[in-house]
Amino acid sequence: MTEALARLGATFAALMVDYRAAQSQLAALQHEADRTAADAGLVYGSSAWSAHRFAVTGRTVHHVNELYEKLEDLAQAIAPMRPACFAGLLIKAHAHQFSGNPAAIIPEIEALALASNQEAA
């Protein structure tokens, strides 16, 4: 695995941990906002309900979005890199999965398998 791919993969993995934690926090805040809005008699979907929900969750929504953008940038930086080993392939698989294109890893697997077979011959 190249040093650059390893570095980007480590950064991607750390950000993914933060992203998942922020998503969980956001879900809890949304639930709490919906509960308190209902308790206050706010009609679901109304502008008052939306304002209340954003007041409770807005900061976390922005944080989740910032993390997502960073992950997107990293996934795009990882995509053109060629893995030379299974560890690199795993990094690429995570990036492709995040990008919503998990099947994109198949040509990478085929190329690595072909290279391994040629080395063995």
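**Notes on a helical model**

1. A good place to begin is Asn-101, which lies in the loop between H3 and H4. With a relative accessibility of 41%, Asn-101 counts as partly exposed. Its C-alpha is 20 Å from that of Asn-65, a residue 36 places away in sequence. Please keep in mind as you read on that this is a predicted model.

2. Next, the helices on either side of that loop. The axes of H3 and helix H4, residues 105-120, come within 10 Å and cross at roughly 170°. An angle over 145 degrees counts as roughly antiparallel, so that is the label for H3 and H4. On the H3 side the contact is made by Phe-86, Leu-89, Lys-92, Ala-93 and His-96, and on the H4 side by Ile-105, Glu-108, Ile-109 and Leu-112. By class, the residues of this contact divide into 6 nonpolar, 1 polar and 2 charged.

3. Now for the core. The largest nonpolar core has 17 residues, and those with the most contacts inside it are Phe-12, Met-16, Tyr-19, Leu-71, Ile-78 and Phe-98. Two or more residues each come from helix H1 (3-39), helix H2 (47-78) and helix H3 (86-98). H1 gives the most, with 8 residues.

4. Tyr-19 deserves a closer look in your viewer. Setting aside neighbours within four places in sequence, Tyr-19 is in contact with Val-64, Leu-67, Tyr-68, Leu-71 and Phe-98. Two of these partners, Leu-71 and Phe-98, are also listed among the core residues with the most contacts.

5. How do H1 and H3 cross? Their axes come within 10 Å, at an angle of roughly 45°, so the two helices are oblique to each other. The crossing is left-handed. From H1, Leu-5, Ala-6, Gly-9, Phe-12, Met-16 and Tyr-19 meet Gly-88, Ile-91, His-94, Ala-95 and Phe-98 of H3. This contact has 8 nonpolar residues, 3 polar ones and no charged ones.

6. H3 also meets H2. Here the axes come within 9 Å and cross at roughly 130°, and H2 and H3 are therefore oblique to each other. H2 passes H3 in a left-handed crossing. The H2 residues involved are Tyr-68, Leu-71, Glu-72, Ala-75 and Ile-78, and those of H3 are Ile-91, Lys-92, Ala-95 and Phe-98. This contact has 7 nonpolar and 2 charged residues, with no polar ones. Following Phe-98 through the model is a handy way to link these points: Phe-98 takes part in the contact with H1 and in the contact with H2.

7. Is Thr-60 buried or exposed? This residue of helix H2 counts as buried, because its relative accessibility is 9% and the cut-off for buried is under 20%. Leaving out residues up to four places away in sequence, Thr-60 touches Ala-22, Gln-25, Leu-26 and Leu-29.

8. A last stop is Glu-32, in helix H1. Glu-32 has a relative accessible area of 34%, so it is partly exposed. The C-alpha atoms of Glu-32 and Thr-57 are separated by 9.3 Å, with their positions 25 residues apart along the chain counted as sequence separation.

Key: Residues are numbered from 1 along each chain as its sequence is written. This is a predicted model: local features need pLDDT of at least 70, side-chain atom pairs count only at pLDDT 80 or more; totals for chains, interfaces and linings use all residues. Side-chain values use heavy atoms; hydrogens and water are left out. A nonpolar core is a set of buried Ala, Val, Leu, Ile, Met, Phe, Trp, Tyr and Cys residues joined through side-chain atoms within 4.5 Å. Buried means under 20% relative accessible area, exposed over 50%, partly exposed in between (1.4 Å probe, protein chains only). Helices (H or I, at least four residues) and strands (E, at least two) are DSSP runs, numbered from the N terminus. Contact means heavy atoms within 4.5 Å. Axes are lines fitted to C-alpha atoms, for helices over the stretch in contact, and angles run from 0 to 180 degrees between N-to-C directions. Angles under 35 degrees count as roughly parallel, over 145 as roughly antiparallel, 65 to 115 as roughly perpendicular and the rest as oblique. A crossing is left-handed if the near helix is turned anticlockwise from the far one by less than a right angle, and right-handed if clockwise. Ala, Val, Leu, Ile, Met, Phe, Trp, Tyr, Cys and Pro count as nonpolar, Asp, Glu, Lys and Arg as charged, and the others, Gly among them, as polar.
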